[in-house]
Structures are given as C-alpha cells and as structure tokens.
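Here are some short exercises to work through with the model open beside you. Try each task first, then follow the solution step by step.

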Amino acid sequence: MPIRPVKELVADAKARIVSLTPQEAQAKADAGEALLVDIRDIRELKRDGRVPGAFHAPRGMLEFWIDPSSPYHKPALATDRTLILFCASAWRSALSADALQNFGVDAVAEMSGGFGAWRDAGLPVETD
C-alpha cells in the first residue's frame, strides 16, 4: 500500500478544523479570547523570530503538554481560551489542531499561512 501524501492529510485536516488569518488570530489574542501556540522547533524560533506573547509548545510534545494527567503537562495550556496553533506555513499546525480535536480539545484553531503569513502581514516579530 503506498504512503498517503502529506498534502492530502493536511487538506483533510483543514476541512475539519477552524482556520484563522493572522489578523484574526492577533485580534483574538489581544482580546484575551485566545492563546497563540507556536509549535515550531526551537531552532526555527531562534532563526526566524517569534510572535510576542505566543506560548511555545514544540510539535513533538504538544499532546503530552496538553494532557492534565501527563507528567509533562503545562498548566498554560489548560485554559478556557481558544488555542490557536501555528507553525512555519500551516501544515504541522493543521495536523496538530485536528489531532487535538480528536484528543477532546474543542477550542482549537490554526493560523492560516503560519508564522510566514504573520511576518509577511507586518505583524510584530521578536528576534533573539
């Protein structure tokens, strides 16, 4: 059986999740309605910069950090705010938002275009 292309997996996930523009994501975060969650690798943050105020939860740890019964749980993710996930270009974040919905997280979305779209829109970026 051939491997299913990741592009198809992402397209399927995007059909099941909420996608917000960077401007919508920023407005919700600024209003206190959402927590921006950066799932990129730490090397990407150091190289490309970060969204001010975003919580960093590397993709590989996301489910462990969100589960209150996990020894790795991060209380910042136990919030009534919508978790708006983003990565570099919105592939990993789409798959992650879909996975969290399957995990039982209702208030989750992804930022369309990811960090690249945020930066290209001229929204704030912090660099080391």
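**Exercise 1. Is Trp 91 buried, partly exposed or exposed, and what is its relative accessible area?**

Keep in mind that this is a predicted model.

Step 1. Find Trp 91 in the loop between β4 and α5.

Step 2. Take its relative accessible area, which is 39%.

Step 3. Compare this with the cut-offs: buried means under 20%, exposed means over 50%, and partly exposed is in between. Trp 91 is therefore partly exposed.

Step 4. Look at its surroundings. Trp 91 joins Val 6, Leu 9 and Leu 95 in a nonpolar surface patch of about 310 Å².

**Exercise 2. Work out the order of the strands in the sheet and find its edges.**

Step 1. Trace the five strands across the open sheet: the order is β1-β5-β4-β2-β3, and the pairing is parallel.

Step 2. Look for strands that pair on one side only. These are the edge strands, β1 (19-20) and β3 (55-56).

Step 3. Check the pairings of β4. Five bridges join β4 to β2, and three bridges link β4 with β5 (residues 108-111).

Step 4. Pick out some partners. Leu 35 has Leu 83 in β4 as its bridge partner, while Ile 84 is matched with Ala 109 in β5.

Step 5. Finish with β2 and β3, which pair over two bridges. Here Val 37 has Phe 55 in β3 as its bridge partner.

**Exercise 3. Describe which way the residues of β2 point and how well they are covered.**

Step 1. Start from a general rule: in a regular strand the side chains alternate between the two faces of the sheet.

Step 2. Apply this idea to the strand. Ala 34, Leu 36 and Asp 38 point one way from β2, and Leu 35 and Val 37 point the other way.

Step 3. Check the cover: five of the five residues of β2 are buried.

**Exercise 4. Which residues have the most contacts inside the largest nonpolar core?**

Step 1. Recall a tendency: in soluble globular proteins, nonpolar side chains tend to be buried together.

Step 2. Find the largest nonpolar core, which has 19 residues; Val 37, Leu 77, Leu 83, Leu 85, Leu 100 and Val 108 have the most contacts inside it.

Step 3. See where the core comes from. The elements giving two or more residues to it are α1 (6-16), β2 (34-38), α4 (62-66), β4 (82-86) and α5 (92-103).

Step 4. Notice that another core, of twelve residues, lies apart from it, with Leu 20, Ala 34, Leu 36 and Trp 118 among its members.

Step 5. Zoom in on Leu 83. Leaving aside neighbours within four places in sequence, its contacts include Leu 35, Val 37, Ile 66 and Leu 77.

**Exercise 5. Compare the setting of three salt bridges.**

Step 1. Begin with the count, which comes to eleven salt bridges.

Step 2. Asp 38 and Arg 40 meet in a salt bridge at 2.7 Å, N to O. Both of these residues are buried.

Step 3. Glu 63 and Arg 59 meet at 3.0 Å, N to O. Arg 59 is partly exposed, because its relative accessible area is 27%.

Step 4. Asp 120 and Arg 119 form a salt bridge with their closest N and O atoms 3.6 Å apart. Asp 120 counts as exposed at 64% relative accessibility, whereas Arg 119 counts as partly exposed at 40%.

Step 5. To finish, look for a network: salt bridges that share partners join Arg 4, Glu 8 and Asp 12.

Terms used. Residues numbered from 1 in each chain as written. Predicted model: local features only at pLDDT ≥ 70, side-chain atom pairs only at ≥ 80, totals over all residues. Heavy atoms only, no water. Core = buried A, V, L, I, M, F, W, Y, C linked by side-chain atoms within 4.5 Å. Buried < 20%, exposed > 50% of the residue type's maximum accessible area, 1.4 Å probe, protein only. Helix = DSSP H or I, 4+ residues; strand = E, 2+ residues; numbered from the N terminus. Contact = heavy atoms within 4.5 Å. Patch = residues over 30% accessible without salt bridge, like charges linked within 9 Å, V, L, I, M, F, W, Y side chains within 5 Å. Areas by Shrake-Rupley, 256 points an atom, 1.4 Å probe, with all protein chains shown as cover. Salt bridge = Lys/Arg side-chain N within 4 Å of Asp/Glu carboxyl O. Pairing = 2+ DSSP bridges.
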